[in-house]
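Reader: I'd like to learn how to read a structure feature by feature. Could we go through one together?
Author: Sure, let's take it a piece at a time.

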Amino acid sequence: MNKLKRAMAVLVAFALVSMLFAGCGSKQDAKSSQSSDQSQSGKPAQKITLKMLKGKAAHEVPLDQMDVFKAYEEKTNIHVQWDSPPAENYLERYNLVMASGDLPDVIMDMPRGDLIKYAQMGAIIPLNDLIEKSSPNLKSWMQKRPEIKKDITGKDGKIFYFPMFDELPLGNNALGLREDWLKKLNLQIPVTPDEWYTVLKAFKEKDPNGNGKADEIPFSGNGINMARSLVSAWGVLDTFYTEPKDGGKVHYGPIEGKYKEALAWIAKLYKEGLIDSEIATNDEKAFQGKMGQNVVGAFRGAFGGHFSAFNSTLPKQIPGFKITGTPPMKGPYGDQVHANLDLSTRSTIAAVITKSNKYQEATTKWIDYFYGQEGALLMNFGIEGKHYTMQNGQPIYTDLVLKNPNGLSSKQVRGSFSITQSTGTYVLLKAQSDQVDDPAVKEIKSKYLEPYIPEAKKFVLPNISFDQKDDEVRRQVMADVQTYVDEMITKFILGTEPLDNWDKYVQKVKGMGIDKAIAVYQKTVDDYKK
Amino acid sequence: MADGFATPHEMQRMTKPNPSKRNEIMRSIYKSRYLYVLIIPVFIYYVIFQYVPMYGAQIAFKNFNPFQGIWGSPWVGFKYFTQFFESVYFLRLIRNTLAINIYNIVVGFPAPILLALMLNEVKNRVFKRTVQTVVYLPHFISTVVIVGMLVSFLSPRSGIVNMVIKSLGGQPIQFLAQPGWFRSIYVWSGVWQEAGWGSIIYLAALAGIDPSLYEAAVVDGASRWKRLVHITIPCLIPTIIIMLILRMGGIFNVGFEKIMLMYNPVTYETADVISTYVYRRGILGAEYSFSTAIGLFNSVINFVTLITFNTISRKVSETSLW
Amino acid sequence: MEGINETFGEKLFEAVIIAILAIVCLLAAYPVILVASSSFSDPNAVITNKVLLWPVNPTQKAYNMVFGHPEIWRCYGNTIMYTLLGTAINVFLTAAGAYPLSRSDFCGRNFFMAIFIFTMFFSGGMIPSYLLVKNLGLLNSIWALLIPGAVSTWNLIIMRTFFQNTIPAELQEAAFVDGSNDLGVFFKIVLPLSTPIIAVMVLFYGVGHWNSWFSALLYLSDRSKYPLQIILREILIQSSTQDMSGGAISDQEMIGETIKYATMVVATLPILCLYPFLQRYFVKGVMIGAIKG
């Protein structure tokens, strides 16, 4: 026993000492950079390697195993060395990489707040000339849709990142309800708050789930924010927004008079038991549990995780179960606003080129490919024959994707061949969404979303980037404001705080400096509009 | 406690007249040279892996961004500390952090000790081993699952607790929406989860008590209760004191994950602690410097508390950290 | 007679204790049983809170998903290796640091104690540690996982306390008189008598290694070196139904809840088997025979 311990001690000591002297041993070495930039189109003569940093979403296979990138490497003779930590820990790795000074050639999904800062420090390079010379696909999109150019150009006229955007930008989150319950009670899809009130009251009192118990929860959601979002019917948003009736100036929803009116209505619903009494403590699991117990009549939720999920799995347990969408609620001032919009470009900073990149043109071409017809097809649809076939000039997914023999969802199959289910430097084709969306979701998108986009655009803020100093002010103020607002609004809804105290509440928020934050937003939005 | 050992060498040295102070120290070190052999590798580890990186604590005083690095980032002095102290919620956060921790200590510190003592008194080996094993299992259940269970049990609609209340004729209580209930739920569920794991140290200490002490006591006619009070507990006291001092050194540490999962805006009043506030602020935008500054503030308070308790302990009992 | 009364009182005492412990045991067992049952249940039942004690519609699907992952066995192996090697290093270094501190005649005792304790409160943070590991050339190696956390000051103090309070001074003195030096005393007398605390350290450090994932994320870029927890977390997230796109979800994603429980069982089972094995060291009377004469 002693001898063993002594032997171990010696071993460990040896290991420690040798490690101390390991020095610059097994460090990853930078791949040897090859000769000059290649400036003509077509395959470069020698294989070049680009280092790229991107988070890997949970359902994706490791990026170097994706069919799309393998095929692309063969085509371009450019090898990508991916540094792809799990997406939920991307930020830690990103910060470490920046701190270590060992920058990769391309960084994807840089946090928006860092963009201006790192541009000013020269960590990332301006892309205007590169795009002009080597990015024909992106250029043509920018001509077709000028907002794309506007989104990515900073106020000094310089472009610092490549965007991701949709062929047809839509949005997410909608109000939904049990179509089977509506039919059973002979009701129409509600539009105004009064109609909603009637429907919810009927859900509560007329026992649509037919079990003889008054256990129905007319309206629920996975958190208090779902109830708060109902304010949009009054023409305010539950955050910073631009007020069309005030010349497009930036307002902060939670202190507006119209917000108070909306709150009064919501609080009334809560008091009468028409909103889930547990909505403030609900989490995703609790909410889904209630849906599965056949007691929830209406809700607000996400297309994929809620609408699609419920419609595809719950009918097995609850016969006749069907969720349908509704148009945005139309409030007393005639506003019908769908607040969760996809803007002309996604907010993600899809890719930046760092100052360490020695192949700037080749990199630009590599990225630009996915904005063009061929590249977008590759990224969205994968390999012809394996993942899709062309029928009448349209790409159609094969059964491997839509009806996978191993029971994988289409999301997972797509995650096996490309990054199309997360973010990237490409255009998301409408054809993809058309084929993978649940029919209810498709209906919602075309009937209840698309027609309302122009109206919503008047309210929703564009993709702005804050100056460093402005951002500090914003964060400093909002840290406390957010806490206070969240507390008070929840209390107003739950009724533990009477709405008579509204004015005191607004005074307090103003005292916390909300006007400074609004000014910051205003300035940044104005700069954007120029 | 293990006492000084007078070796023959030392006895010799002590008879020499007036050694100089420096020589004395050198000789003492020489005398302990084998102990140094043991401790030096550990010391090297601390220097390299704990002390060398400490220059990073500067982040609290700089407007840090990773690209410029720690040395290159601009110095801002106490800016972030001031921001935190000036927050409307500063006092509330401190109050909640302290209140939750003190409640936790009052309830949660004795629990593992009592558990260990009870287990120690059980004669049936099989029963003892079984309980010992089962009771430490909840420690391994992740916080997310524990909170999920709590939410289920406490649900006003369908939770067990409220069903019992209703059957007794009462009104269901929405526990997790009541600021008054938050701390109790937090602390007691923590005891449920951690008492078993926490008792392990005390069980080990109890196993180290010299059985001949008990034998002698039995011969003297001492009852079980007397044995517990006059042997078991006194032998356990040094361990208890050290654990308590260490625990006080964490007076400002309230882990944010469990609170995050359990709280909601309605209970911010009693539930919002320093770590959750910092976390929410981090969502608005990465705030390395801010969170480092708060962490430093926490550490200083913890450290001062530890020193205070250690000093008190040294004066009052024989046990202390140094 | 006094003797009979004491016996009755003692019996009552023990009965009460057994009753209390039994209740505590049940309270502790319940969540554990619930987790295990949920992992074997039909996902719909789990989500709608129908699983109260035993599995509902038992199914193996969650486990199939977990064990079907291509990387799971390699990661299991990695974790076992990291745990064994890491714990050995931990226990040895901690003991080597704790013993000198337990000796009141150790010159420099307070100095070292202060140095060690200070680090419990102040540290440089993630970035300087990362840079240090990088500069030492340890990135992407197993040593990056085992060395930076080699000694926990908390455990060091606990071990020191044990040495101080439990190992009798006379024993060590006797060894000195016999001509032994400090190292001899340490290896031949102190360590063998310290089996309870060594068992505790093996448990604490072992569990720490077993559950760790953050260091691996920071320092490892090679997926083949990943420990178990990282893969389990990925499996878990993958199965969550939080999906922003409009696509329909698979059966796999539906069973997300049960996967959460299955991953916990898979991750924890080996550790649960370790403790009973270590329990025998918590037996009273480890000192018997140690005191000569």
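Reader: Let's start with helix packing. At what angle do helix H16 (residues 274-284) and helix H17 (residues 288-316) of chain B pack?
Author: The general idea is that two packed helices are described by the angle between their axes and the distance between the axes. One thing up front: this is a predicted model. Here, H16 and H17 of chain B pack at about 170°, and their axes are 10 Å apart. An angle over 145 degrees counts as roughly antiparallel, so that is how H16(B) and H17(B) run relative to each other.

Reader: Which residues of H16(B) and H17(B) meet?
Author: From H16(B) you have B:Ile274, B:Val278, B:Arg281 and B:Gly282, and they meet B:Phe290, B:Ser291, B:Ile294 and B:Asn298 of H17(B). By class, this helix contact has 4 nonpolar, 3 polar and 1 charged residues.

Reader: Okay, now sheets. What is the strand order in the open sheet of 4 strands in chain A?
Author: Generally, strands of a sheet pair through backbone hydrogen bonds, either parallel or antiparallel. In chain A the order reads S2-S1-S3-S11, and the pairing is mixed. Strand S2 (78-83) and strand S11 (352-353) of chain A sit at the edges with a single partner strand each, so one side of each has no neighbour in the sheet.

Reader: In which sense do strand S1 (residues 48-53) of chain A and S2(A) pair, parallel or antiparallel?
Author: Parallel, over 6 bridges. For one pair to click on, take A:Lys51, whose bridge partner in S2(A) is A:Gln81.

Reader: Backbone torsions next. What is the phi of A:Asn77?
Author: As a rule, most residues other than glycine have a negative phi, and most peptide bonds are trans. A:Asn77 has a positive phi, near 65°, and is not a glycine. You'll find A:Asn77 in the loop between helix H2 (67-76) and S2 of chain A. A:Asn77 counts as partly exposed because it has 15 C-beta neighbours inside 10 Å.

Reader: And where is A:Asn392?
Author: A:Asn392 is in the loop between strand S12 (388-391) and strand S13 (394-397) of chain A. Its phi is positive too, about 55°, and again the residue is not a glycine. With 5 C-beta neighbours inside 10 Å, A:Asn392 counts as exposed.

Reader: Zooming out, how far apart are the centres of domain 1 and domain 2 of chain A?
Author: The domain assignment gives domain 1 as 48-168 + 345-428 and domain 2 as 172-340 + 452-530. Taken over C-alpha atoms, their centres are 33 Å apart. Each side puts residues into the contact: 9 from domain 1 and 9 from domain 2. On the domain 1 side, helix H4 (residues 112-121) of chain A supplies the largest share, 5 residues. That side has 2 nonpolar, 3 polar and 4 charged residues.

Reader: Last one, the chain-chain contact. How many residues do chain C and chain B put into it?
Author: In general, the size of an interface is often given as the accessible area lost when the parts come together. Here we can go by residues: 88 from chain C and 79 from chain B. Helix H1 (residues 2-39) of chain C gives the most to the chain C side, with 17 residues. That side of chain C divides into 59 nonpolar, 20 polar and 9 charged residues.

Definitions and conventions:
Residues are numbered from 1 along each chain as its sequence is written. Chains are lettered from A and ligands numbered from 1 in the order in which they are written. This is a predicted model: local features need pLDDT of at least 70, side-chain atom pairs count only at pLDDT 80 or more; totals for chains, interfaces and linings use all residues. Two residues are in contact if their C-beta atoms, placed from the backbone, lie within 7 Å. Helices (H or I, at least four residues) and strands (E, at least two) are DSSP runs, numbered from the N terminus. Ala, Val, Leu, Ile, Met, Phe, Trp, Tyr, Cys and Pro count as nonpolar, Asp, Glu, Lys and Arg as charged, and the others, Gly among them, as polar. Domain bounds come from an automatic or database domain assignment. Axes are lines fitted to C-alpha atoms, for helices over the stretch in contact, and angles run from 0 to 180 degrees between N-to-C directions. Angles under 35 degrees count as roughly parallel, over 145 as roughly antiparallel, 65 to 115 as roughly perpendicular and the rest as oblique. Two strands pair if DSSP finds at least two bridges between them. A residue is buried if 20 or more other C-beta atoms lie within 10 Å of its own, exposed if 12 or fewer, and partly exposed in between; C-beta atoms are placed from the backbone.
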